[in-house]
Amino acid sequence: MRWLQTVPELPEVETVRRGLERQTQGMNIARVEVRRARAVAFPPDPSLFCLALSGCCIVRWRRRGKYLLADLRDQDGQSAGCWGVHLRMTGQFLWIAASAQMPTQAADKQDPAAQRATQPRERDMEQAPSQERLVLNTVGAAEAEAQQYRQVQSTEPGPHTRVRFWSSGGDELRFIDTRSFAQMWWVPANRPIEQVITGLARLGPEPFDPAFNAAHLQQRLRGSSRAIKSALLDQSLVAGVGNIYADESLFAAGINPHTPAGRLNTQALERLRAALVEILQASIGAGGTTFSDFRDLTGTNGNYGGEASVYRRSGQPCRRCGAPILRDRLGGRSTHWCSQCQR
Ligand SMILES: [Zn+2]
C-alpha cells in the first residue's frame, strides 16, 4: 500500500493548521473523550487530559516543525496552557458540525453544495465555511474512514477514532489515526512547552525564519562529511523538512544529494535555502503536497508547479536534461536525483 510511505511533511501540516484555525479558532471545548489512551502522551493519565481541555477556548493554532500547537484560554480569560498534536503518519482531524449529527442526511446525496463540502480540500474550506463535515487534512488512510461517514451518512465513531472533542454548541472535532503513532499533549500554562513536548527542544529554525540562512547552514555544516541530503533531514538543522522536499530542493539547487555537506560553499547553500523555501511555499499555497499518491488516494490535486522533478521518478527522464533519474538509499532514506543536473 503506497500511502504507508507518504508521511505528512511541513506543507501538509501547515495545511492542517490552517484548516483547524479556520474551523476551531474561538471554539469552546465542552467535553473530551479519549478512546485510546496511547493517543495522549501527556499527562500520563488521559482523564487529566480531558479534564484540562474541557472548559477551554482555542485561541489560535500555531505550527512548529511538524507539531501543531493550540493556545488555550480558560473561562476567566487566563492562559490554560497549550494543546500539542503530532500527526505522525496517519493522524487526521474530522469536523462534524452539530447540524450534521441529525439522524438522516439523505439530502446530502442530491445537493451538489453539500457534496462539494465533503471534499477534503483547502480551497473548498475557504469557499464553503458552513459545511457540515470536513476532513481537515488529506493524508493517510483515515480518509477511508471519513469516506465511510459520507457513504453511510453516519456520524458514529469508527474503529480508528482516537479522541473526540465537542464544542459547547454540539459540534465535534474528531481525531482519527489508523496507525496509532500520532500523539497529543496538554502543557500546563506554568511549564515550558519544550519540557513536556521534548521533541520541540531539538528543532532548528523554521525554513521561513530569517535565522535559517546560508550563514546558519555554513556554520552548522562546516567540516561535516555527512551527505547534504542526510543533513537536510536533520530536524536540528532546519525544522520540518522531510524526504520529498529534501530531494526536490537539492534538484532545484543543482546539488548532488551525496555531496559532503561541509564542501558546499556559501553560494550553493544559498541556492539550496532559496529552493527549499520556494518549493515549500508553493506546496503550502497548493494546499499541501500533491504528488501522485495523494491524488490517487484522495482525489485532491494541488500540485506545486505540476509534478515532482525527481521524487519517486527513478528511471524516468529528467524534466530538465532527459537523463534517467537515479535512486538509491542514503542514510536509510530513499533518494532521487539526476546525475547530470546535480553535481
Ligand atoms: Zn537532469
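## A walk around helix 11 and helix 2

Helix 10 and helix 11 are oblique to each other. In this predicted model, the two axes come within 8 Å and cross at roughly 125°, and an angle between 115 and 145 degrees falls outside both the roughly perpendicular and the roughly antiparallel ranges, which is why the pair counts as oblique. The crossing of helix 10 over helix 11 is right-handed.

Let us look at the residues in that contact. Helix 10, which spans residues 243-253, brings Tyr 245, Glu 248, Ser 249, Leu 250, Ala 252 and Ala 253, while helix 11 answers with Ala 268, Arg 271, Leu 272, Ala 275, Leu 276, Ile 279 and Leu 280. Sorted by class, this contact has 10 nonpolar, 1 polar and 2 charged residues. For the helix 11 list, a general point is handy to keep in mind. An α-helix has 3.6 residues a turn, so residues three or four places apart point the same way.

Helix 11 (residues 266-285) also packs with helix 1 (residues 10-24), and here the axes are 9 Å apart at an angle of about 40°. That angle makes helix 1 oblique to helix 11 as well. Again the crossing is right-handed, this time with helix 1 passing helix 11. From helix 1 come Leu 10, Pro 11, Glu 14 and Thr 15, and they meet Leu 280, Ser 283 and Ile 284 in helix 11. This contact has 4 nonpolar, 2 polar and 1 charged residues. If you are following along in the structure, Leu 280 is a good place to pause: this residue of helix 11 is part of the contact with helix 10 and part of the contact with helix 1.

Now let us move to helix 2, residues 46-53, whose buried residues are Pro 46, Phe 49, Cys 50, Ala 52 and Leu 53. These cover an arc of only 165° around the axis, and so they sit on the same side of helix 2. What do they pack against? The partners are strand 1 (29-34), strand 2 (40-42), strand 5 (79-86) and strand 10 (183-187).

Both flanks of helix 2 have a backbone feature worth a look. In the loop between strand 2 and helix 2 you will find Pro 43, which is joined to Phe 42 by a cis peptide bond with omega of about -5°. Just after helix 2, Gly 55 takes a positive phi of about 90°.

Two of the strands that helix 2 packs against, strand 5 and strand 10, lead us to further loops. Between strand 5 and strand 6 (91-96) lies Arg 88, a residue other than glycine with a positive phi, near 50°. With 16 other C-beta atoms within 10 Å, Arg 88 is partly exposed. The loop between strand 9 (172-177) and strand 10 holds Ser 180, where phi is near 65°, again positive in a residue other than glycine. Ser 180 is partly exposed too, having 15 other C-beta atoms within 10 Å.

Finally, step back to the whole protein chain. The chain contains 12 helices and 12 strands. Of its 343 residues, 45% are buried. Among contacts with a separation of 6 or more, 65% come from residues 24 or more positions apart. The contact between helix 1 and helix 11 described above is one to revisit with that in mind, since it joins residues 10-24 with residues 266-285.

Note on methods. Residues numbered from 1 in each chain as written. Predicted model: local features only at pLDDT ≥ 70, side-chain atom pairs only at ≥ 80, totals over all residues. Axes fitted to C-alpha atoms, helices over the stretch in contact; angles between N-to-C directions. Helix = DSSP H or I, 4+ residues; strand = E, 2+ residues; numbered from the N terminus. Parallel < 35°, antiparallel > 145°, perpendicular 65-115°, else oblique. Left-handed = near helix turned anticlockwise from the far one by under 90°. Contact = placed C-beta atoms within 7 Å. Nonpolar A, V, L, I, M, F, W, Y, C, P; charged D, E, K, R; others polar. Buried ≥ 20, exposed ≤ 12 C-beta atoms within 10 Å, placed from the backbone. Arc of directions from axis to C-beta.
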